[in-house]
Each structure stands twice: as structure tokens, then as C-alpha cells.
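Hi,

Here is the structure I promised to pass on. Have a look at it first, and my notes follow underneath.

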Amino acid sequence: MTSPLVLPPDYTPAFNVLEELPPYSAGIEIHSMDSRKREFEVKIEIANKKNNYNVGDIICGLIKFCPPKPVKISSVHAIIEGGESTKQNGWLYNRLLNKHIKLAYYIVPSIPEDMIAVPGNIYTFPFTLQIPELLQFDYCKDNTIEHLRIPPSLGSRTGLDIPEINVQNKAAIITYHLGACIKIDVPKGSLVNNKYQAFSVIPIIPSYSLTTKDVNRVKDHPYNKKAPLKKSGVFKKSQSGSLDLKLDKVLAYPITSDKQVFVPLTVTLGDVNEAILASLQALRISMKIVAHTSFTSQQSVSPTLNDSNTNLSILKEVPETFTQKFKLPNYTPTATTWLPNYSNDTYAAHFDVPFVLPAVRQLVPSFESCLISRSYTLSVTIHFKHGDSWSIEVPINLVNSLDSYSIAPYSETFGLDPISAPTYTDDSSEVSNSITVQLQRKMQEQNIIGSNEDVMPDELFSRPTGLP
């Protein structure tokens, strides 16, 4: 025989009632409007707003709906999408090309089947979306591995003209937005609008590791410039002489860091009069970042062996390229010391030039997509007294951060140690602990250089006005 359950004196009868789980709720809320004036139909409120979003970032918020008339809600959707747009001006017409990018898609669950939305109320639906690491694998028809990465936002969306962030003539644009769509039931065959939509622009600057192409651009470049001395300035009476400008190789510079980097520059003169060197003092060293934006407005064509009608002019089309130059602060050396090398009869001067990227929105990480690519070069000019000036321009890479969020779609990446100011050996002839040496060591370890050298529907959302 089982004895009855005896509760402690401080227990109330409510504790003897079996607690049941509440019915599942999707977080849908209904509130009365504060005023009779309806200010919007659909609005997106992002709870965790950021200036720039990265791969892997989660965006959560609310979709708010104020119906203009009684409607039956059938489904509520949220999506992150965007597009690439290119434009090439022609003599008779402009060539335009758009490519749609789908990133993430969400359906609000458990919408009541008999849910009727009426005017005067605000219906709130929560959503959560995550920016993926890669694009869908069928995005690039040419199966180019670099094109699986999400390209960064570039320029302002169609309908807006913001010169400080646009490529010339708005010829190349990449934009993203967060969209909300509320579908309603309408009679079959009815011409009445069956969905209400809203869009909010979101900038995406992904943080990827360097691609193999990025590494090879730096690896394969000599990073020096040799030329005979011009007979001008202090060299006006010289009969011969040679010049060698050399920069140390750096794999990448981060656009999100305001830390000062030092760019080692070595100037070597050969077959010059030693008496001239005393008056050869550097006045200043100027630098600029040159952004090269290449784009095409023609779809690529893959001809078959039996296709004699293929337009080969499209196959051979060279992408158009626009350049933008960004000046960096000038550097004034305190002194110029020419050190002799008697073994080859040369004199060399070494400069550690401080380097800080300007905080401008046009500078995005180096990338390559199906329609658009962005690469960079660094131009360094050293100005001397008496009007002499020598320049060198080398390829560089820009990344979002030295600590990349993703190496996909590659299996390994190149570790980038934090940037440090250079320190010198006893003879002050070379950098011993600069970022250059650290990166070269990483590349040597990976045999890069020698030791000495879910499915989203296409038609759910209408393209928003003014967005690609």
C-alpha cells in the first residue's frame, strides 16, 4: 500500500499541480498603434547593427507589419541578398550586366493558419540570419574557386550617388541588403498585390585569408627598380651611374588597423662620385595607394568544338580597368646616410617609411568575383635636393584583418603575425624583427619562397527599386 504524499508546511497547493509546457510560440507579438496614422507597412529593425558585417556574422531583429487593410498572412520571410552590377559606356548605348547574389534565407515558423491582420495593429515577427562563409557552389558558371568567396561591398547602390565611395561613373557596384517579405492570401488569378516588402542596405566587408593569386602577385614581383641615373640635378655632370630602388616584400596590409607599419626602402647608387653623396640628402618620401578596379559587362561564353557561330570577340574581351589614387602622409627623414659597399663599388641608404592606410570607404580587401576584381599597388617616390626624385611601384594586397575569419575554399592559409616596429642589428644594415622578416619566414615554412629568396527561392522577392 502506497502512503499518500505529504508536503512540507511551506509548500502551497500550487506546487502539487503538474506543470505543463506552454504551447510553442514563434515570438509573434501584436501591439496597438500609438496613433491612428500609419507610418509604414513593413519595417525592419536590426537588433545588432554594425558598420560593416563579416562572414559568419549573425543578424537578428524584428519585422514589423502594419496592414493597410484586413489581410490573411500566409508566410513571413527574411533574406540577405545583393548583386554585382557593371556598366560600360558605349557610343550608341551602355552595356549593363547584373548578377544576383543570395546569401541567407529564413522563414518565420508557426504562423497561425487563421491569422488575420487588421489595420490599427503592429504585427512583430522575429528573425535570425547568418552570413555564410561562401557563396552557393553554382554561383560561378566557370567554376573559378576564387569566385566562391563573398565579394565586399563596393560603391553606393543604384539610385544613390556618393562620390567618395564610388568607382568612376559608378561602373562597378556590389551592394547587399536585408529584405523582409510578408505574403498574404489573395484569390487565385487576382491582380491584387500578394506581398508587402521592405529592404535595408547592409555593408559586408568579409575577412578572408590571401588567395594563391594574391600571394603570387607579391612573390613573383622583384620589388626593385633598376635604371641608369638621369643627368639632372647633382648628376648633371656625371658621365655614368646606376640606381637601384628596393622595397621589402609584405604579403598584406590590414584596412581595419590604424597601427603604423614601416615600409623598408633601400636606395643603392653605383658608379657615382663620392663627393656628390654629401649633398644628396632626401627631402621627403611620398607614397600613394593605387586601386585598380577591373570589370566586364559581357557574359563569358564557353564554345563547343562544333559551334562555329560563337562570337569570339566576347571570348577575347579584356576587362575595363579604372584606377583611383589615395595619397598617404609624407615622411621627412632626419638624415640620409650613404654606406659604402667596396666589394661592388656602391653606396646604399636605408629608410623605414611609416605607412598608415587612409580611412576611406573606397579601400576594400583585394578580391576577384565573376564580374569585378580589385587589386592594389604601392607607389613610393623619394625626393632629393636639387630636384632629383626616383619612384618605384609594386603590387600589394589589402585584407580586412591580419587574423582572417576564413580560409575557405582553401585548405591552408598564410599566418600573419601582428605588425611590429622594426629593430636593427648592430651594424644597422638590415631589419631583423620587422613584419617583412616574419612574413618571409612564414612563406619559407610553407615552401612559398626559397630560404634565400539551405535553397532560396528566386521569385519570392521582387527586386527593390534602386537596388541591384
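Let me start with the pairing around β14: 13 bridges join β14 to strand β19 (residues 372-384), and the two run antiparallel. Strands here are DSSP runs of E, at least two residues long, numbered from the N terminus, and two strands count as paired if DSSP finds at least two bridges between them. Within that pairing, Val290 has Thr377 of β19 as its bridge partner. Eight bridges also link β14 to β15 (residues 320-327), again antiparallel, with Ser294 partnered by Thr321 in β15. Of the 14 residues of β14 (residues 282-295), 11 are buried, so the strand is largely enclosed by the rest of the structure. Buried means under 20% relative accessible area, exposed over 50%, and partly exposed in between (1.4 Å probe, protein chains only).

Before you read on: this is a predicted model, where local features need pLDDT of at least 70 and side-chain atom pairs count only at pLDDT 80 or more, while totals for chains, interfaces and linings use all residues. Residues are numbered from 1 along each chain as its sequence is written, and side-chain values use heavy atoms, with hydrogens and water left out.

Now the sheet with β10. Five strands make an open, antiparallel sheet in the order β10-β11-β13-β17-β16. Its edges are β10 (224-228) and β16 (339-341), each pairing on one side only. β10 is joined to β11 (residues 242-247) by five bridges, antiparallel, and Lys225 sits opposite Leu245 of β11.

On to the packing. The largest nonpolar core (buried Ala, Val, Leu, Ile, Met, Phe, Trp, Tyr and Cys joined through side-chain atoms within 4.5 Å) has 92 residues, and Phe65, Phe125, Ile289, Phe355, Leu378 and Trp390 have the most contacts inside it. Strand β8 (residues 172-184) gives the largest share, seven residues. Domain 1 (29-201) and domain 2 (212-299 + 319-399) both contribute, so this core lies between them; the domain bounds come from an automatic or database assignment. Another core, of six residues, lies apart from it and includes Leu251 and Val399.

Last, the cysteines. How many disulfides does a search of the whole structure find? Zero, taking a disulfide as a pair of cysteine sulfur atoms within 2.5 Å. For Cys140, the closest cysteine sulfur is that of Cys370, 3.7 Å away and too far for a bond. Cys140 counts as buried because its relative accessibility is 4%, and Cys181 is buried at 0%.

Cheers

Technical notes: Helix = DSSP H or I, 4+ residues; strand = E, 2+ residues; numbered from the N terminus.
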